[in-house]
Amino acid sequence: MKDNYKVGIIGATGMVGQRFITLLHDHPWYTIEVLAASPRSAGKTYKDAVGAKWAMKEEIPAGVADMVVMDATGDVEKIASMVDFVFCAVDMKKDEIKALEERYAKAECPVVSNNSAHRHTLDVPMIIPEINPQHIEIIPAQRKRLGTKRGFVAVKSNCSLQSYLPAMAVINQKYPIDHALVTTYQAISGAGKTFETWQEMVDNLIPYIGGEEMKSEVEPNKILGKIEGGEIVPSTELQIECQTYRVPVSDGHTAAIFFSFKDGVNKPSVGEIENMWRSFKGVPQELNLPHAPKQFIHVYTESENPDQPQIKTAREIDGGMAISCGRLRESTQYDYKMVSMSHNTLRGAAGGAVLLAELLTAKGYMD
Ligand SMILES: NC(=O)c1ccc[n+]([C@@H]2O[C@H](COP(=O)([O-])OP(=O)(O)OC[C@H]3O[C@@H](n4cnc5c(N)ncnc54)[C@H](OP(=O)(O)O)[C@@H]3O)[C@@H](O)[C@H]2O)c1
């Protein structure tokens, strides 16, 4: 590992891009070298380009406000030559994002992406660092396909499933789960919005988020999949059915989950599941990565805290990088039911991508 890595943020003026700035401006390993966005922003200082769209609680960091924004699509080769790798979170058509991310990779610039475009590309790892860190081992196969020495694309999963899949995956390692019914209650920042920019969401609930249910049903299979023959082969073991809601919450996605174990599995007790969550440590915790939460899964018991996890008390735990679970109890139709939540733009988006970059850096993929 080097002492310091220069990074670029592609989509720096967006909601996720702003989060990247707050997480990276004082990062121990990384220096923000490039900010890039659409041609509309290119050539402006960051503070002028982002203007009233700045939605973070803190001010724009001093060293960032006067940086001149580059053109994310027009300056690919130049940006690639200035940085060690880029984070990418842009609002463009899927095929355009796919092509853009591969252009950076082919310019020998690794891409850590928040976008969904490459989530189903078979040699692109889609990683929750605590759950499937071993999938980074697909990168040599991807580099071979792209014809690169350094460049590759790695992605994080959809934000909503990071609120519940970790809790299920930890149980699933020992007690295989067969099927689950999930309902997600998703914050408006997940759509890149605030209450100022989305007045319709004040005192409202919308029972539809385009494309989101499919992501919750399909992406877990890739995360739980195995590398075989230069591809990640999705698991076919766990069937999830999902209903999503947009709710009047600024940040934080919550999920209600009903799940049943495979036939023949000796059903663990509530206490045993809660202990598995409490004692779980993943590779990020073992490597002590800068953005790894000390305690990945926080547990609220039904007997002591039946009204938790709540958005306002749980979303900022461990810098917004922890998952919080509660209300685990027996179900009449399934084996168990529970509630789980995480911060959607921290753990679910920029923070999850920064943790993925840290894992890739610690494992030598950014050198
Ligand atoms: N918000 C979340 O919680 C969340 C969670 C997970 C994943 N994501 C994903 O992350 C991505 C960004 O989401 P967001 O919420 O941050 O979106 P956003 O707030 O709408 O920001 C979009 C960014 O993309 C840039 N952009 C738009 N058109 C472009 C073009 N033609 N060329 C280059 N850059 C362009 C914008 O630059 P200008 O300002 O110059 O227009 C802006 O920087 C999306 O793919 C989204 O699905 C979001």
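Trainee: Where does the ligand lie relative to domain 1 (5–158 + 350–362) and domain 2 (160–343)?

Mentor: To place a ligand, see which domains give residues to the shell around it. Here domain 1 (5–158 + 350–362) and domain 2 (160–343) both do, so the ligand lies between them. Keep in mind that this is a predicted model.

Trainee: How many residues surround the ligand, and which are the closest?

Mentor: The count is 28 residues, and the closest are Gly14, Ala37, Ser38, Ser41 and Gly192. You can also sort the shell by residue kind: it divides into 16 polar, 10 nonpolar and 2 charged.

Trainee: Which helix gives the most to that shell?

Mentor: That's α1, with 3 residues. Helix α1 covers 15–24, and both α1 and α13 supply at least two residues of the shell.

Trainee: Okay, back to the domains. How far apart are the C-alpha centres of domain 1 and domain 2?

Mentor: Those centres lie 25 Å apart. A distance between centres is one thing, and the contact is another. In this model, 32 residues from domain 1 and 29 residues from domain 2 take part in the contact.

Trainee: What supplies the largest share of domain 1's side?

Mentor: Helix α13 (residues 346–362) does, with 7 residues of the side that touches domain 2. You met α13 a moment ago, as a helix that supplies at least two residues of the shell around the ligand. By kind, the residues on domain 1's side of the contact are 17 nonpolar, 9 polar and 6 charged.

Trainee: Now the sheet. In what order do its strands run?

Mentor: Read a sheet from one edge to the other. This one is open, has 6 strands and follows the order β10-β7-β11-β14-β13-β12, with mixed pairing. At the edges sit β10 (239–246) and β12 (297–299), each of which pairs on one side only. From one strand to the next, the twist averages 20°.

Trainee: Do β11 and β14 pair in the parallel or the antiparallel sense?

Mentor: Antiparallel: strand β11 (residues 253–261) and strand β14 (residues 336–342) pair that way over 7 bridges. If you want a spot to look at, find His253, which stands opposite Ser342 in β14.

Trainee: Which strands do helices α8 and α9 touch?

Mentor: For a helix on a sheet, check what it touches and then how its direction compares with a strand's. Helix α8 (residues 212–223) packs on the sheet against β7 (177–186) and β10, and its direction makes about 150° with that of β10. Helix α9 (residues 270–279) also packs on the sheet, touching β12 and β13 (323–330), and its direction makes about 170° with that of β13.

Notes:
Residues are numbered from 1 along each chain as its sequence is written. This is a predicted model: local features need pLDDT of at least 70, side-chain atom pairs count only at pLDDT 80 or more; totals for chains, interfaces and linings use all residues. Domain bounds come from an automatic or database domain assignment. Two residues are in contact if their C-beta atoms, placed from the backbone, lie within 7 Å. Helices (H or I, at least four residues) and strands (E, at least two) are DSSP runs, numbered from the N terminus. Ala, Val, Leu, Ile, Met, Phe, Trp, Tyr, Cys and Pro count as nonpolar, Asp, Glu, Lys and Arg as charged, and the others, Gly among them, as polar. Two strands pair if DSSP finds at least two bridges between them. Axes are lines fitted to C-alpha atoms, for helices over the stretch in contact, and angles run from 0 to 180 degrees between N-to-C directions. A residue is near a molecule or strand if its C-beta atom, placed from the backbone, lies within 6 Å of it.
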